[in-house]
Every structure is written in C-alpha cells, then in structure tokens.
Amino acid sequence: MLIRRLLIAAAIAATLPAAVLAAPFAYVPNEGSGTVSVIDTVTDKVIADIPAGKKPRGIAAGLDGHWLYVSDQPNSSLQLIDLRERKPAGTVDLGESPEGVSISADGRWVVAAVEEKNAIAITDTRTNKLAFSIQVKGKNPEHAVFSPDGKLIFVSAEEGDAVDVIDFATRKE
C-alpha cells in the first residue's frame, strides 16, 4: 500500500513544472491589508508581507523566481513585485477592475481578466509592459488561464454561462 502511494505521488510530481517543485515559497494576496504574504512552505510560516497596492486580487509568479504579478483592482493595474528584494517595483496599467491573473507555461506572458473592459490584458514579461488587450464576449471576465501548451486562453465571466476560448496566436475567439 505504501509503495502504491509513493508511486502515485511520484507520477503526479512528474507532471508538475520544475518551478513548482523547486519553489520554497507560497504567495497569498491579502485584499484587506493590501499586501502579499510570503509563506515558507517548509515551515508553514509567514516570513514577509509585501505591499501590493490597495486590493490585490489575482496573482502569478514568474518562472525565474524574480517577479510576482498581482492584479490591483482599485488602481486598475498589475503590480510588479521584485521577489529578490521583496518590494514593489512598478505597475502596468490594465484598465478598470483587473481580476484573475496567470502566466504562460514558458513564462513569457501574463494574462489578466479586466472586468469593466470585458477584455483580457497581456503583459510581456521580458519588458514588464502591456503588450496588447483582447476583447471577450463574456460579461465581466473574472479569470483568465493559459492552456498548458500556451496556445489557448480560457476566460470565465462573472455574469455568463460560458467560457471564452481565445486562440493566443490569432488573438481571436
């Protein structure tokens, strides 16, 4: 029984990206305090709280461990957090009410759902600047997530019964 559990755990671990397996920290946005807590996953202790705007919502960690991307709803921006320094290092204007954030498997792109624009905003992690936005059909997009191969973006809407599926190469549904 123990061997079977270990084999299952090993099979699951083999499917995870190397960055996930090597990451010693977890990052949690705190809307009330406007911070992101850094949690040591070995000790399960909060080791730092980093300012992250007024109301941090969605969050995505860069694959290199240097950057954390955090949507800040009241400031209509993506907060850039320098994880090496553990401090804010800039913002990217996204549009009113950004929500869910994710990063592409190759680490090149960050996507944020932007509710009031009915769009998703794509940031290029090489420059940490807004690259482009794509309109979606669903009203008030809440979450945007890349497919594992990075070819598609799935966008859920707060006021919808469907998921928009965006072809990332053509930037169309």
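In this predicted model, the side chains of Arg126 and Asp124 meet in a salt bridge, with 3.2 Å from N to O. The two ends differ in exposure. Arg126 is exposed, at 62% relative accessible area. Asp124 is buried, at 8%.

Asp124 has another partner. Its side chain also meets that of Arg108 in a salt bridge, at 3.0 Å from N to O. Arg108 sits in the loop between β8 and β9, while Asp124 belongs to strand β10 (residues 119-124), so this pair ties together parts that are 16 residues apart in sequence. Arg108 is partly exposed, with a relative accessible area of 22%. The cut-off for buried is under 20%.

**Salt bridges across the chain**

How many salt bridges does a search of the whole structure find? The count is 5. One of them joins the side chains of Arg57 and Glu99, at 3.1 Å from N to O. Arg57 lies in strand β4 (residues 56-61) and Glu99 in strand β8, so the pair ties together parts that are 42 residues apart in sequence. Arg57 is partly exposed, at 24% relative accessible area. Glu99 is buried, at 4%. These two residues also belong to a network: Glu31, Arg57 and Glu99 are linked by salt bridges.

The table sets out three of the pairs.

| Salt bridge | N to O distance |
|---|---|
| Arg126 and Asp124 | 3.2 Å |
| Arg108 and Asp124 | 3.0 Å |
| Arg57 and Glu99 | 3.1 Å |

**The sheet**

Strands β8 and β10 have a place in a sheet. Four strands form it, in the order β8-β9-β10-β11. The sheet is open, and its pairing is antiparallel. Which strands stand at the edges? They are β8 (98-103) and β11 (129-135). Each has a single partner strand, so one side of each is left without a neighbour in the sheet. On average, neighbouring strands of this sheet are turned by 25° against each other, direction ignored.

The edge strand β8 pairs with strand β9 (residues 109-114) in the antiparallel sense. Their pairing runs over 4 bridges. Ile103 takes part, with Val110 as its bridge partner in β9.

**Around Asn140**

Past β11 comes another residue to look at. Asn140 is found in the loop between β11 and β12 (141-146). Is Asn140 buried or exposed? It counts as buried, at 12% relative accessibility. Its side chain makes a polar contact with the side chain of Glu159, at 2.5 Å.

Leaving aside residues up to four places away in sequence, Asn140 touches Glu115, Glu116 and Asn118. The list also includes Ser156, Ala157, Glu158 and Glu159. Glu159 is thus both a residue that Asn140 touches and its partner in the polar contact.

**The chain as a whole**

The view now widens to the full protein chain. Its secondary structure comes to 2 helices and 14 strands. The chain has 173 residues, and buried residues make up 42% of them. Glu99, Asp124 and Asn140 are among the buried ones.

Contacts add to the picture. Of those with a separation of 6 or more, 29% are between residues 24 or more positions apart. The accessible surface comes to about 9,500 Å². Carbon and sulfur atoms account for 56% of that surface.

Key: Residues numbered from 1 in each chain as written. Predicted model: local features only at pLDDT ≥ 70, side-chain atom pairs only at ≥ 80, totals over all residues. Heavy atoms only, no water. Buried < 20%, exposed > 50% of the residue type's maximum accessible area, 1.4 Å probe, protein only. Contact = heavy atoms within 4.5 Å. Areas by Shrake-Rupley, 256 points an atom, 1.4 Å probe, with all protein chains shown as cover. Pairing = 2+ DSSP bridges. Axes fitted to C-alpha atoms, helices over the stretch in contact; angles between N-to-C directions. Salt bridge = Lys/Arg side-chain N within 4 Å of Asp/Glu carboxyl O. Polar contact = N/O pair within 3.5 Å; in protein donor to acceptor, adjacent residues only side chain to side chain.
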